Amino acid sequence: MQLYLLSSPSSAAAAAAVCTTSAAHRRLFSHRRCLKHLSPLVCFSRAELSLRNSSRFVRVQAVSGVNTMSEPAPSSSFTGAKQALISLSNKKDLDLLGKGLQELGYTIVSTGGTATSLEKAGVSVTKVEQITNFPEMLDGRVKTLHPSIHGGILARRDQKNHMEALNTHKIGTFDVVVVNLYPFYDKVTSSDNISFEDGIENIDIGGPTMIRAAAKNHRDVLVVVDHNDYPALLEFLKGGEKDEGQFRKMLAWKAFQHCASYDSAVSEWLWKQSNQGGEFPPEFTVPLSLKSALRYGENPHQKAAFYADKSLSLVKSGGIATAIQHHGKEMSYNNYLDADAAWNCVSEFENPTCVIVKHTNPCGVASRTDVLEAYRLAVRADPVSAFGGIVAFNTTIDEDLAREIREFRSPTDSQTRMFYEIVIAPSYTPKGLEILKGKSKTLRILEAKKTSRGMLSLRQVAGGWLAQESDDAGPQGIAFNAVGGRKVSEKELEDAKFAWLCVKHVKSNAIVIAKDNCMLGMGSGQPNRLESLRIAFRKAGEAAKGAALASDAFFPFAWNDAVEEACQKGVSVIAEPGGSIRDNDAIECCNKYGVSLLFTNVRHFRH
């Protein structure tokens, strides 16, 4: 239909002949109401003007050269129809959603590419600009930020004044809002060379605004941000969901969490862009995504779950959280802790290496050109502790290695096959994986990528969190300074470096004895360093003679204590950080026994 804007009473009278006056007509304009945003000012005489309920817009046509304007007609919901607003970046399962809503009688309002995709799928669509009567502008920055959209989302149906306001402004309500956001996370993690401007343009504004509005008003508006929830939404709208309140609350929670995770990525990225010095931010959020519910925690009476950290800094960082499980029982809480310890340790070594861990401590470590030999030596370091442990390799597990893992007998009796909870490697040959699966139905077989350096380490204490840089210091970047005893040989220095790399991964107080790139014994977690040293020597036995000993921290006492006892046991070199007020005692003790003493000036506490 046409709406005539009239400039005089006589013109109004002439136009009245073309206007009907049925009972369905609505009075739109009061006597001499002025549209002040028109230039020049146009006034109206009282006239009965009709609107058809099916019309979305009132078409405006100039009469006698008078300036014209257009005004949005009431939306479908204003006239009683159900409306769904859909605006998606990720359009997976969009056709399922669109067709399902249309079959349920919903009028679908949509934007840009989403509307185009729906139309291609055969779904009727009303575009947002038909509701707002305002074009998309500012290169897409402004599309849905309009009272005709947000009024229809935020209005409470149980508030009379809200509904009267919608009626006054002819704004329809939205019953369903389905929105996901610009792929900011994927964009800023896809390339190291993304420009700052490109990153900024991928920050969504309209999307989060609609999501938050719908989630706030979830009693009246169903909000969906995940394509996996489309079937549940459609089933609910069919009347298949009994607990309506709970369903709406869960969708609202998910919507706010979706925005919170999105905002955390933007915040993390902007902090990195604005803070080149690498300081800790005064505030930050860690976005966690549930990966699996666990049977229990450290103990059966504790509930537990495993979450993946979605921080931008951890993208492509490797580690156990992103490992692929090829076989075996589901991972437990303790499995994750032990697997993480084993993988972090073995990832430190350049040469083919096997690490065996029990209760997060490496009980066997060996590096060899022949990885089969490395595996055997790692087991022999402490076969009792290795039984039921986690075995990790930094090389591909092929057919020969898989068969050795499957068939190797414990050195304690040469009969019992070694049992492991988990095997971890960076890759497997098809035949190697097949053989390893035959060892046990429960054996967990993980494929992991090498853990990256430079990550932030977080640890919880009651009421707060401790944050620190990861301990990435290795022998390559440390000066092993000879301070006492005889001159260290090249071989002894290599043994000391190997022991030093191992002791870094042992719980404090930590002592490691090693020789020929093989751990011979270790002592961990004791309240005093002397007791850890004695445990290490007890495990190493006679093989300790001529070996290297590494301590994660300085020796507080030397005479009649750990340093002298180590010298008397026959080690050839001791590596420690130094820094004790009694360092001279350690130097003099090593001078007396002819044992090389190396200070690293780097401590490796591990609590």
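**Notes on the patch, the cores and the cysteines**

1. Let's start on the outside: Phe 280, Phe 284, Val 286, Leu 288, Leu 290, Tyr 307, Leu 456, Leu 458 and Trp 465 make a nonpolar surface patch of about 890 Å². Residues in a patch have over 30% relative accessible area and no salt bridge, and nonpolar side chains (Val, Leu, Ile, Met, Phe, Trp, Tyr) are joined within 5 Å, like charges within 9 Å. A salt bridge, by the way, is a side-chain nitrogen of Lys or Arg within 4 Å of a carboxyl oxygen of Asp or Glu. Areas come from the Shrake-Rupley method with a 1.4 Å probe, and for residues only the protein chains shown count as cover.

2. Before going on, keep in mind that this is a predicted model: local features need pLDDT of at least 70 and side-chain atom pairs count only at pLDDT 80 or more, while totals for chains, interfaces and linings use all residues. Residues are numbered from 1 along each chain as its sequence is written, and side-chain values use heavy atoms, leaving out hydrogens and water.

3. Back to the patch: strand S11 (288-294) and strand S19 (456-461) are the elements giving it two or more residues. Helices (H or I, at least four residues) and strands (E, at least two) are DSSP runs, numbered from the N terminus. Phe 280 sits in the loop between helix H11 (244-274) and S11. Its relative accessibility is 49%, so Phe 280 counts as partly exposed (buried is under 20%, exposed over 50%, partly exposed in between; 1.4 Å probe, protein chains only).

4. Now look at Phe 393 in strand S16 (residues 389-393). Phe 393 is buried, at 0% relative accessible area. Its contacts (heavy atoms within 4.5 Å), leaving aside neighbours within four places in sequence, include Trp 343, Tyr 375 and Ile 424.

5. Ile 424 turns up again in the largest nonpolar core, which has 45 residues; Ile 424, Leu 446, Val 512 and Leu 598 have the most contacts inside it. Such a core is a set of buried Ala, Val, Leu, Ile, Met, Phe, Trp, Tyr and Cys residues joined through side-chain atoms within 4.5 Å. Helix H17 (residues 490-503) gives the most to this core, 8 residues. Another core, of 30 residues, lies apart from it, with Ile 194 and Met 210 among its members.

6. How many disulfides does the structure hold? The count is 0, a disulfide being a pair of cysteine sulfur atoms within 2.5 Å. For Cys 518, the closest cysteine sulfur is in Cys 502, 8.8 Å away, so it's too far for a bond.
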